[in-house]
Amino acid sequence: MAPSTFHPDIKQILEDLSDPAAYSHPVVSVRTIQTHVSCVFLTGDYAYKVKKPVDFGFLNYSTLELRKHYCGQELLLNRRLCPEIYLEIVPLTLRDGRVCVGGEGVPVEWAVRMRQLQDRAMLSACLVDAYERATEDRSLRDVLPFYQAYRACVRGNIALLAAAETEVPASERQRQREIAEAAYDIAWCYSRRHQRPALLITVGFSGSGKSLLARELCRRLPAVLISSDTVRKELAGVALTARLKAEHYTVSQRGVVYEEIRRRAYRHLQRGEHVLLDATFLSARERNAVSELAQKYGAEFWLLECRCPDPIIRQRLRSRSAHPGASDADLAVYEKQRLCQEPVVPPAFVDQERSRHLIVHTDQPVGAAAHTVVTHFNAITGFPARAAL
Ligand SMILES: Nc1ncnc2c1ncn2[C@@H]1O[C@H](COP(=O)(O)OP(=O)(O)OP(=O)(O)O)[C@@H](O)[C@H]1O
Ligand SMILES: [Mg+2]
């Protein structure tokens, strides 16, 4: 058989390149790392990456030409960032019937030669540093989790493909399913890495301006708005502007409404979404119940205490009767609230960093009040600011 038509299979490459004698430089021992698409041989000073002859449709390494091409591409791309790590592509040839690196014979396979680093995390860090040095672009760190999530998804998809192959033994298929599950879990974690959900609540008397502020905030922050007044009317099955009778405002009815808003908040937090709860939250018990929810989901907890001078609240409530909204609260309700207010004490969190108490002066124009909250929120959480819609 002519040497040029002989292609060692991956099993032989793995076997032969595990031998220190296969290299043209001194090697004490060889460690191999395998992924679904490549084998990496760690020799001490240098690492060699050989692509496997796989074809997943979206990624095709099925011929020697394709593998050589993609080795070249990998080198080209990565050398722009880390020329000191990505060195060259080298042929694998046969010597006495065994695969070796370099050599004079006809190439039977190709490898990317790299300087070996202590670990993969170090390689990633090097690439990010080099990119930042080269481009002065600091956004890579922010988008990196997205690519890590994407890569984990690809890994999961590849494992699922392997799990579906009928010629693969059942035990191996099961293992591939487990790999896929783990990969999707990792993807999920990465996708949420920059998105620890936040649970924000308003606190304040009726007429202090909570609902107006909450609506304004949701135009500027990617948060889901849940309002107690809306929920109450939904539960009662009436239109938003319909007035509800006193029986809907008993202590037990209030309990039902608060429980429902916690239930809805929980659904969104679970999906990693930020939630803003618009309700009076005048009792410490209600605040504590909802802060426990935040703690349970590792969410940031924000208390937005809406403060407004008494005469302004009275004036707002008087003019409210002319423009009915979702809230039925009037001056009489406000008077009662004043009698039983409980000062806001931020709930004790195990991790104090995650519980915040912000006093918002809602006698100022709502745009200015919202701006203060958003600026604070973005500065602390590092969430990207979203322009007002
Ligand atoms: N910053 C503001 N500037 C001017 N008007 C405001 C401001 N905030 C609220 N208002 C007005 O005051 C009234 C009461 O505000 P809002 O409905 O937001 O209060 P609330 O705290 O949600 O009350 P409730 O507890 O009854 O739901 C509304 O008519 C609203 O338009
Ligand atoms: Mg309101």
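## The nonpolar cores

In this predicted model, the largest nonpolar core holds 38 residues, and those that touch the most other members are L199, L200, I201, I261, V275, L277 and L304. One of these, L200, touches A223, L276, W302 and L304 when residues up to four places away in sequence are left out of the count. A second core, separate from the largest one, is made of 17 residues, among them L17, A47, W110 and A111.

In soluble globular proteins, nonpolar side chains tend to be buried together.

## Helix α8 and its two faces

Helix α8 runs over residues 251-270, and because each of its 20 residues should contribute 1.5 Å, the expected span is 28 Å, which agrees with the 29 Å that separate its end C-alpha atoms. The buried residues of this helix are V257, Y258, I261, A265 and L269. Around the helix axis they cover an arc of only 110°, and therefore they lie on the same side of α8. I261, one of these buried residues, is also listed among the residues of the largest nonpolar core that touch the most other members.

The buried residues of α8 are covered by elements that include the strands β7 (198-203), β8 (223-227) and β9 (274-278), together with the helices α7 (228-236) and α9 (284-296). On the face of α8 that is turned away from its buried side, the exposed residues are S252, R263, R267 and Q270. Just after the helix, G272 takes a positive phi of about 80°.

## The surroundings of ligand 1

Ligand 1 is surrounded by 18 residues, of which S206, G209, K210, S211 and S327 are the closest. Two elements, α6 (210-220) and α10 (310-320), each give two or more residues to this shell, and the largest share, 3 residues, comes from α6. Sorted by character, the residues of the shell divide into 10 polar, 4 nonpolar and 4 charged.

## The chain as a whole

The protein chain has a secondary structure of 12 helices and 11 strands, and 25% of its 389 residues count as buried. Where contacts in the chain join residues at least 6 apart in sequence, 65% of them link residues that are at least 24 apart. An example of residues that are distant in sequence and yet in contact is given by L200, which touches W302 and L304.

Key: Residues are numbered from 1 along each chain as its sequence is written. Chains are lettered from A and ligands numbered from 1 in the order in which they are written. This is a predicted model: local features need pLDDT of at least 70, side-chain atom pairs count only at pLDDT 80 or more; totals for chains, interfaces and linings use all residues. A nonpolar core is a set of buried Ala, Val, Leu, Ile, Met, Phe, Trp, Tyr and Cys residues joined through C-beta atoms within 7 Å. A residue is buried if 20 or more other C-beta atoms lie within 10 Å of its own, exposed if 12 or fewer, and partly exposed in between; C-beta atoms are placed from the backbone. Two residues are in contact if their C-beta atoms, placed from the backbone, lie within 7 Å. A residue is near a molecule or strand if its C-beta atom, placed from the backbone, lies within 6 Å of it. Helices (H or I, at least four residues) and strands (E, at least two) are DSSP runs, numbered from the N terminus. Ala, Val, Leu, Ile, Met, Phe, Trp, Tyr, Cys and Pro count as nonpolar, Asp, Glu, Lys and Arg as charged, and the others, Gly among them, as polar. The expected span of a helix is 1.5 Å times one less than its number of residues. The arc is that of the directions from the helix axis to the C-beta atoms.
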